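Open the structure in a viewer and keep the selection tool at hand. The stops below say what to select next and what is there.

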Amino acid sequence: MIATYLKDFVQLIFPELCHSCGNSLVDGEQHFCTTCLYELPYTQFHLDAENKLAKQFWGRVHVKSAVAFLYFTKGGKVQNIMHQLKYNKQPQIGVELGRMYAKELRNHDHYQKAEAIITVPLHPEKLKKRGYNQSEQFALGLAEVLEIPVLNDILFRVKSAESQTSKSRDQRFDNIEAVFEAKTPNSTLKKVILVDDTITTGATLEICAIALQNIGIAEINIVGIAFTE
Ligand SMILES: [Zn+2]
């Protein structure tokens, strides 16, 4: 009883806010308000094997599937969510988004049968500054629902990428080539989920996927938090 009063009191002074719109959450709401949950721009890519993101990899690298949870648009709700996740010390947003998406993905073959989740490594300086890798937080949420591990000892960033702004896709590719390296895992991994945060050109994922294939991981399923065209 006292605990309930105390909780209400704390809520009154520090109400939990929606990660998307910033409005106070009401009883029964967690992380996101009901309106935002309804209005978020879900891609539904997992229902379409030939979705826009999957097509980006055609002719570049063979991946089994490629999906992202939300559409990212400038000034939209998802930009706000990603900002909170990356720059406002709120790793739990990533975990929650992962849980939400995994509840959709777990009914599909590629994700049901995946053996582990691997995340695109963050630049060490960014990791130090931020304290966590936002993609890994998302992966932890996915892992919880899919009941598979997140493996951090397979994919590594081996050198810094040059600034990628104002460069074409081909130039970007040149710049980040050989930035990632995969180490042979002890187990015999064959089917994995490869996770990134906001996917734009897919150039980083392409390199990561090739690195993973080079160590014998045959089936790669890409899952992003957001996709921007
Ligand atoms: Zn909201």
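**First stop: Lys89**

Select Lys89, which lies in the loop between α4 (77-87) and α5. Helices here are DSSP runs of H or I with at least four residues, strands are runs of E with at least two, and both are numbered from the N terminus. The model is a predicted one, in which local features need pLDDT of at least 70 and side-chain atom pairs count only at pLDDT 80 or more, while totals for chains, interfaces and linings use all residues. Residues are numbered from 1 along each chain as its sequence is written, and side-chain values use heavy atoms, with hydrogens and water left out.

Is Lys89 buried or exposed? Lys89 counts as exposed, because its relative accessibility is 58%. The cut-offs are under 20% relative accessible area for buried and over 50% for exposed, with partly exposed in between (1.4 Å probe, protein chains only). The phi of Lys89 is near 50°, a positive value in a residue other than glycine. Most residues other than glycine have a negative phi.

**The helices on either side of Lys89**

Now show α4 and α5 together. Their axes are 6 Å apart and the two helices pack at an angle of about 125°. That angle makes α4 oblique to α5. An axis is a line fitted to C-alpha atoms, for helices over the stretch in contact, and angles run from 0 to 180 degrees between N-to-C directions. Angles under 35 degrees count as roughly parallel, over 145 as roughly antiparallel, 65 to 115 as roughly perpendicular, and the rest as oblique.

To see the contact (heavy atoms within 4.5 Å), select Ile81, Gln84 and Leu85 of α4 with Pro91, Ile93, Gly94 and Leu97 of α5. By class, the contact of α4 with α5 has five nonpolar, two polar and no charged residues. Here Ala, Val, Leu, Ile, Met, Phe, Trp, Tyr, Cys and Pro count as nonpolar, Asp, Glu, Lys and Arg as charged, and the others, Gly among them, as polar.

**From α5 to α8**

Keep α5 (residues 91-105) and add α8 (residues 134-146). The axes of α5 and α8 come within 6 Å and cross at roughly 40°. This makes α5 oblique to α8. The crossing of α5 and α8 is right-handed, meaning that the near helix is turned clockwise from the far one by less than a right angle; anticlockwise would be left-handed.

On the α5 side, the residues in contact include Pro91, Gly94, Leu97 and Tyr101. On the α8 side, Phe138, Gly141, Leu142 and Val145 are among them. The residues of the contact of α5 with α8 divide into ten nonpolar, four polar and three charged.

**The loop between α1 and α2**

Go next to Ser20, in the loop between α1 (2-13) and α2 (34-39). Ser20 counts as buried because its relative accessibility is 3%. Leaving aside neighbours within four places in sequence, Ser20 is in contact with Phe32, Cys36, Leu40, Lys77, Asn80 and Ile81.

His31 is found in the loop between α1 and α2. The phi of His31 is near 70°, a positive value in a residue other than glycine. At 17% relative accessibility, His31 counts as buried.

Select Cys18 and Cys33 as well. Cys18 is buried, with a relative accessible area of 3%, and Cys33 is buried, at 7%. How many disulfides does a search of the whole structure find? The search finds zero disulfides, a disulfide being a pair of cysteine sulfur atoms within 2.5 Å.

**Leu37 in α2**

Move to Leu37, which lies in helix α2. Leu37 has a relative accessible area of 34%, so this residue is partly exposed. Not counting residues up to four places away in sequence, Leu37 touches Phe32, Tyr42 and Met100. Its C-alpha atom is 9.9 Å from that of Cys18, 19 residues apart along the chain.

**Val63 and the whole protein**

Val63 sits in the loop between α3 (52-56) and β1 (65-71). At 12% relative accessibility, Val63 counts as buried. Which residues does Val63 touch, not counting those up to four places away in sequence? They are Phe57, Ala209, Ile220 and Ile222. Add Glu219: the C-alpha atoms of Val63 and Glu219 are separated by 6.7 Å, although the residues are 156 apart along the chain.

Finally, show everything. The protein has ten helices and seven strands. Of its 229 residues, 46% count as buried. Residues 24 or more positions apart account for 75% of the contacts with a separation of 6 or more.
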